[in-house]
Amino acid sequence: MSSLSRLLFLAFCLFRLFFNSNSEDDDKRTYIVYMGSHPKDRVLTRSHHVRMLQETIGSRVPSVESDIIVGVLDTGIWPESPSFHDEGYGLPPPKWKGSCEASLNFSCNNKIIGARSYRTNGQYPVNDIQGPRDSNGHGTHTASTVAGGLVRQASMLGLGSGTARGGVPSARIASYKICWSDDCSDADILAAFDDAIADGVDIISFSVGGHTPKDYFNDSMAIGAFHAMKKGILTSMSAGNDGPQSFTIRNFSPWSLSVAASTTNRSYLSGIQLGDGRSFNGVTINTFDLNGTQYPLVYAGNIPNITGGFNGSISRGSVKGKIVLCDFFVSPKNLGSLEGAIGIIMQDTNPKDLTFPFPLPASHLGTQEGALISSYANLTSLPTATILKSTEGKYKATPFVASFSSRGPNPITPDILKPDLSGPGVEILAAWSPIGPPSGAEEDSRQLLFNIISGTSMSCPHATAVAAYVKTFHPSWSPAALKSALMTTAFPMRADLNPDAEFAYGSGHINPLSAVNPGLIYNATEIDYVRFLCGQGYSTKLVQQVSGDNSSCSRGDIDLVFDLNYPSFALSTSISTSISQVYRRRVTNVGSANSTYKAIVSGPSGLNITVNPSVLSFKALGEELSFELTIEGSISSSIASASLVWDDGKHKVKSPIVVFDENTFIN
């Protein structure tokens, strides 16, 4: 590196040091510095850059992100994955108090600094591995999405080829195995939360959810997240995969971050070629290549299971060596009756934004194309077809919220908008356990280090990573502050692509760079949430069941839901009913010391939304000012979307406002 380059690099490092410790400064600049040629030896790029930083300004500043510890509560972890190699890492940060449940076949390193497993009843499923090793793949996938290191030429047998990288690739990982092949028990969940808190994690990623809503005092996930919040730890949670029906969101406590799943610009197409030369595109994650060979095509309706009493299944002996055409979607885990089949083509009216890996060549398409294939299969004497290996395509308009992503309204507290925001959760490539069947089917013998799957389990760790990234700049920010930063800086999403609007995407799509400098934050503490619970009608006993301490509800310690300092606004009402509702909020200045924000309100006709005061003038960083937002009027449709933006010319602090007819969504 030349002396000039080193001088520029020194200036850059000093700038970064100043920026990290004074991120609210008015005069921010971005510098691009040539780092010199890469050393001729095979030293890692990360190690090379860390060494230069240490030579120039000492060892403190490279350590910012690597001091972040992400706790991942899931199915365990596969420590040998290349995403978790620890080259270039120092010892775990001094704050780490956790441990590694090591054994002859499992050990941690300076990347995976902790690993525990939980099975309170002591009875393990037959095919599961005792200890923190991941025999499923799900936990490895989510952990690497949050904090996996750089892995070049990663792919799922050629699909999604490129460099795999977690959102905060230098962060440390602590894995807590709470889920097994049969369930994730409440006792194990609570024990893992308590351990993660005591171990010293900075943030928790929780890609787990149930299928029925529970009240806060009866929800182990909400209780665990509350305990974490008390200790300054934000819990990022998956919204659930039961969409697109309303009221299906399952992680919705106001002290946690609820994340919906949206698309990226990449899709996967699995082509079908018929013997008559016609071609169709379906969707699945198909890694199998039939090399264009045509195989006999048989319509499942023509080969019913007669001995089984025409129960909807097919005759097993009739599919061997053939491609089977079905009139409905078949789960990859339920293909037992297709043993011996070459492949499967499925047709139905379901949305095609949820793609699965299958243990055999497969394609899933709509009924219009399916009818043409069905006609060919039934009217041709010797119909044949082949299924092509998946190829990459692009969505025309993206991101949009996936059909499977659970929707609001909030089933317990409708006047708290959920989900909070959305993140990438469709067709995500990340690390995998090689002993976990990539399709989930027992007969799937592929052993992969990377897999492509979809779900809010995938979007959750993306949001976790953004929150962890923001925390590297603002280590003292509360969970509510981190959550506010992500929500108020999110990219707006299009209601025409998402009919459920804010009940699909909340505040919008995560925006990592803007979240670092949100300008204003809506802060909240344990006391605020206790007052909220009291205002919801909880007794002191039930509040203590959530808080785990001696919190109590007295007459002076009650707040209405509209007074909780939340970064979004929701109101449940009825169509044509006259509305007059006041919300009280507080915002803290984290942008420029001397700044003036003006309120900009937009909304539909029929609603009159006012803000008082409409101008907030700050004189110092950390100053907190209050305002009231009032909604008056009525709505004429099931949902009316509006917004409040606080604008100082540099920052746009955005909050969605949703007024809706709850009865419409119930029906």
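Let's start at Asp-496, which counts as exposed, with a relative accessibility of 55%. Its side chain meets that of Arg-494 in a salt bridge, 2.7 Å from N to O. Arg-494 itself counts as partly exposed, at 46% relative accessibility. Please keep in mind as we go that this is a predicted model.

That pair has company, since the structure holds 20 salt bridges. Take Arg-278 and Asp-276: they form a salt bridge in which the closest N and O atoms are 2.9 Å apart. Arg-278 is partly exposed at 32% relative accessibility, and Asp-276 is partly exposed as well, at 41%.

Now a pair that reaches along the chain. Lys-214 and Asp-186 have side chains that meet in a salt bridge, 3.9 Å from N to O. What does this pair tie together? Lys-214 sits in the loop between β6 and α6, while Asp-186 belongs to helix α5, so the bridge links parts that are 28 residues apart in sequence. As for exposure, Lys-214 is partly exposed with a relative accessible area of 31%, and Asp-186 is partly exposed at 37%.

Asp-186 brings us to helix α5, so let me stay there for a moment. Helix α5 covers residues 186-199. With its 14 residues, α5 reaches 20 Å from its first C-alpha to its last, close to the 20 Å expected at 1.5 Å a residue. Which residues of α5 are buried? They are Asp-188, Ile-189, Ala-192, Phe-193, Ala-196, Ile-197 and Asp-199. If you look down the axis of α5, these buried residues fall within an arc of 165°, so they line one face of the helix. There is a general rule to help you picture this: an α-helix has 3.6 residues a turn, so residues three or four places apart point the same way.

And what do the buried residues of α5 pack against? Their neighbours are the strands β1 (69-74), β2 (112-117), β5 (172-177), β6 (203-206) and β7 (234-238), together with helix α6 (220-230). Just after α5 comes Gly-200, whose phi is positive, near 105°.

Let's step back to the whole chain. The protein chain has 14 helices and 28 strands. Buried residues make up 55% of its 667 residues. The chain exposes about 27,200 Å², and carbon and sulfur atoms supply 52% of that area. If we take contacts between residues at least 6 apart in sequence, 73% of them join residues at least 24 apart.

So what about the inside? As a general point, nonpolar side chains in soluble globular proteins tend to be buried together. Here, the largest nonpolar core has 107 residues, and the members touching the most others are Trp-255, Phe-627, Leu-629 and Trp-646. Which helix gives the largest share of this core? That is helix α8, residues 456-473, which supplies 7 residues. Apart from this core lies another one, of 16 residues, including Val-298, Cys-326, Met-346 and Leu-360.

Let me zoom in on Leu-629. Leaving aside neighbours within four places in sequence, Leu-629 is in contact with Phe-569, Gln-581, Val-582, Tyr-583, Ile-609, Thr-610, Val-611, Leu-644 and Ile-657.

I'll finish with two threonines. Thr-413 is in the loop between β16 (391-394) and β17 (421-424). Is Thr-413 buried or exposed? Thr-413 is buried, with a relative accessible area of 2%, where the cut-off for buried is under 20%. Not counting residues up to four places away in sequence, Thr-413 touches Tyr-216, Phe-532, Gln-536 and Val-561.

The other one is Thr-488, in helix α9, which spans residues 479-488. Thr-488 counts as buried, at 0% relative accessibility. Beyond its neighbours within four places in sequence, Thr-488 is in contact with Pro-518, Leu-520, Tyr-522 and Pro-567, and also with Lys-652, Val-653, Lys-654 and Ser-655. One last distance for you to find on the screen: the C-alpha atoms of Thr-488 and Ile-510 are separated by 9.6 Å, and these two residues are 22 apart along the chain. Thanks, everyone!

Note on methods:
Residues are numbered from 1 along each chain as its sequence is written. This is a predicted model: local features need pLDDT of at least 70, side-chain atom pairs count only at pLDDT 80 or more; totals for chains, interfaces and linings use all residues. Side-chain values use heavy atoms; hydrogens and water are left out. A nonpolar core is a set of buried Ala, Val, Leu, Ile, Met, Phe, Trp, Tyr and Cys residues joined through side-chain atoms within 4.5 Å. Buried means under 20% relative accessible area, exposed over 50%, partly exposed in between (1.4 Å probe, protein chains only). Helices (H or I, at least four residues) and strands (E, at least two) are DSSP runs, numbered from the N terminus. Contact means heavy atoms within 4.5 Å. Accessible areas come from the Shrake-Rupley method with a 1.4 Å probe; for residues, only the protein chains shown count as cover. The expected span of a helix is 1.5 Å times one less than its number of residues. The arc is that of the directions from the helix axis to the C-beta atoms. A salt bridge is a side-chain nitrogen of Lys or Arg within 4 Å of a carboxyl oxygen of Asp or Glu.
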